[in-house]
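Colleague: Could you show me the model and explain how its contacts get their names?

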Amino acid sequence: MRVLVGYASRFGSTKEIAAHIAERLRRAGVDADARDVLEIGDVAPYGAVVFGSGVYDGSWTPNATAWLRGHAAELTARPVWLFSVGSFGDRHPVIGHLIVREPKDIGEIEQLVHPREYRVFAGVLDLQHWPAWGRLVFKALGGRDGDNRHWPDIDAWADAIAQALRPV
């Protein structure tokens, strides 16, 4: 089965996570292609889809939501996994349970495509682009500037997807 690992990324963190997931799937024997949302044409060649976007100001990129809405009918006919890349991951001990509701329209997206699973991973942050109050709140919650990706968590998720895609 061929798997599409689609992504929408502004600064590269989400792109690197998608490429990493695709490589992890390939190592597990799954034929996987990582593609930018702007380069994805037809979904028909793919038997499954993993799709993610960076979260900016509480929302996925407009290209990501538009793509999912435009391909919803095709996506419901195959296994789909979704992920977001934001400030904190959904495993954060203090606010992880709140982060899983990011982006703002994830509930609508989940209703449209019925993913098998949705995850939020922490990304790479450059706090100098944040307002002062945002930096204070972020740091008060234990956040730090720089690369916050937790690769073992991403690997485990990709491995679980590979396992789910194995023929019975």
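Modeller: Happy to! Let's start with Glu 108, which forms a salt bridge with Arg 69, their closest N and O atoms being 2.8 Å apart. This is a predicted model, so local features need pLDDT of at least 70, side-chain atom pairs count only at pLDDT 80 or more, and totals for chains, interfaces and linings use all residues. Residues are numbered from 1 along each chain as its sequence is written, and side-chain values use heavy atoms, leaving out hydrogens and water.

Colleague: What makes Glu 108 and Arg 69 a salt bridge?

Modeller: The term asks for a side-chain nitrogen of Lys or Arg within 4 Å of a carboxyl oxygen of Asp or Glu. At 2.8 Å, Glu 108 and Arg 69 qualify.

Colleague: Why is Arg 149 called buried, and Glu 16 partly exposed?

Modeller: Buried means under 20% relative accessible area, exposed over 50%, and partly exposed in between (1.4 Å probe, protein chains only). Arg 149 has 13%, so it is buried; Glu 16 has 43%, so it is partly exposed. These two residues also form a salt bridge, with closest N and O atoms 2.5 Å apart.

Colleague: Why is the pair of Phe 83 and Trp 157 called edge-to-face?

Modeller: Rings of Phe, Tyr and Trp (its six-membered ring) pair if their centres lie within 6.5 Å; planes under 30 degrees apart count as stacked, over 60 as edge-to-face and the rest as tilted. For Phe 83 and Trp 157, the centres are 5.9 Å apart and the planes at 70°, so the pair is edge-to-face. Both Phe 83 and Trp 157 are buried.
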